[in-house]
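Notebook open, structure loaded. I'm jotting down what I look up as I go.

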Amino acid sequence: MTSSCDRAVSITVNYVIALGITAVLISGLLVGAGGYVENQREQVVREELDVVAEQLAAGIADADRLSESQARSRSVRVGVDLPERVAGESYRIYVRQVSDPADQPARHELTLRPSRSDVSVTLTVSTTVGIEDGSVTGGWTAVRLDTSGPDPTLVVADGDAEASLSLTGPTEGALEG
């Protein structure tokens, strides 16, 4: 015969084992779900940066088209309304010229990097007017034509929401002379 003391130990041991198995299963689920959530967050950041890069590329293309005609006598500035943050974090835009073949449009890389994530998105754009290398933070961005040097270049700079688009033609005196 078994004593009642043995039964009490058996119930306690079964209870401890069940709690241990439950704890292992729950911690495994939490670790797995944490990795899944992090992967989803990185995917969201990447998708948002893709959209932002396309918006900036469209603004650069607009400025390039506007500056193509009579680049030396026009002032061109195109404002691009980009979000200040993607997935809750700020980001930076880097513009870098890529070596381009002779007699071809200039090619530039737009690289967007968030401040806290390891995710980055790079988009290549082609322009007839060169773009000055540099970087800006996310938010209102201006693409303007700089005609002060020997060749006109586009400059991507921090923008002003009040001056989103401007075109000015040559002055009256320049047309007569």
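**Entry 1: the overall layout**

How many helices and strands does the protein chain have? I count 2 helices and 10 strands. A note to self before going on: this is a predicted model. Reading along the sequence, I get the pattern α-β-β-β-β-β-β-β-β-β-β-α, so named from runs numbered from the N terminus. I then looked up burial, and 28% of the 177 residues of the protein chain count as buried. The accessible surface comes to about 11100 Å², and carbon and sulfur atoms account for 54% of that surface. For contacts between residues at least 6 apart in sequence, I find that 59% join residues at least 24 apart.

**Entry 2: the core**

Which residues touch the most other members of the largest nonpolar core? I have Leu56, Ile60, Tyr91, Leu110, Leu112, Val143 and Leu154 on my list, out of 29 residues in that core. I also checked where the core residues come from. Helix 1, strand 1 (75-81), strand 3, strand 4 (106-114), strand 5 (121-127), strand 8 (140-146) and strand 9 (153-158) each supply at least two. Helix 1 gives the most, with 8 residues. As a general reminder, nonpolar side chains in soluble globular proteins tend to be buried together.

**Entry 3: a nonpolar patch on the outside**

Next I looked at the surface. Val9, Val13, Ile17, Ile21 and Leu25 make a nonpolar patch of about 460 Å². I picked leucine 25 for a closer look and found it in helix 1, which spans residues 4-68. Is leucine 25 buried or exposed? Leucine 25 has a relative accessible area of 55%, so I'm calling it exposed, given that the cut-off is over 50%.

**Entry 4: glutamate 89**

I wanted to know what sits around this residue. Glutamate 89 lies in strand 3, which covers residues 89-98. Glutamate 89 counts as buried because its relative accessible area is 0%. Leaving out residues up to four places away in sequence, I see glutamate 89 touching Arg41, Val45, Pro114, Ser115, Arg116 and Ser117. Two of the side-chain pairings are polar contacts: one to arginine 41 at 2.8 Å, and one to serine 117 at 2.7 Å.

**Entry 5: the salt bridges**

How many salt bridges does a search of the whole structure find? The search finds 3, and I went through them in turn.

- Arginine 41 and glutamate 89 meet through their side chains at 2.8 Å, N to O. This pair links distant parts of the chain, with arginine 41 in helix 1 and glutamate 89 in strand 3, 48 residues apart. I noted the burial of each partner too: arginine 41 is partly exposed at 27% relative accessibility, whereas glutamate 89 is buried at 0%.
- Arginine 65 pairs with aspartate 62, and their closest N and O atoms are 2.4 Å apart. Both residues lie in helix 1, 3 residues apart, about one turn of the helix. Aspartate 62 counts as partly exposed because its relative accessibility is 33%.
- Arginine 96 and glutamate 109 meet through their side chains at 2.6 Å, N to O. Arginine 96 is in strand 3 and glutamate 109 in strand 4, so this salt bridge ties together parts 13 residues apart in sequence. For arginine 96 I have 44% relative accessibility, so partly exposed again.

Methods:
Residues are numbered from 1 along each chain as its sequence is written. This is a predicted model: local features need pLDDT of at least 70, side-chain atom pairs count only at pLDDT 80 or more; totals for chains, interfaces and linings use all residues. Side-chain values use heavy atoms; hydrogens and water are left out. Helices (H or I, at least four residues) and strands (E, at least two) are DSSP runs, numbered from the N terminus. Buried means under 20% relative accessible area, exposed over 50%, partly exposed in between (1.4 Å probe, protein chains only). A polar contact is a pair of N or O atoms within 3.5 Å; within protein, one must be able to donate a hydrogen and the other to accept it, and residues adjacent in sequence count only if both atoms are side-chain atoms. Contact means heavy atoms within 4.5 Å. Accessible areas come from the Shrake-Rupley method with a 1.4 Å probe; for residues, only the protein chains shown count as cover. Patches are made of residues with over 30% relative accessible area and no salt bridge: like charges are joined within 9 Å, nonpolar side chains (Val, Leu, Ile, Met, Phe, Trp, Tyr) within 5 Å. A salt bridge is a side-chain nitrogen of Lys or Arg within 4 Å of a carboxyl oxygen of Asp or Glu. A nonpolar core is a set of buried Ala, Val, Leu, Ile, Met, Phe, Trp, Tyr and Cys residues joined through side-chain atoms within 4.5 Å.
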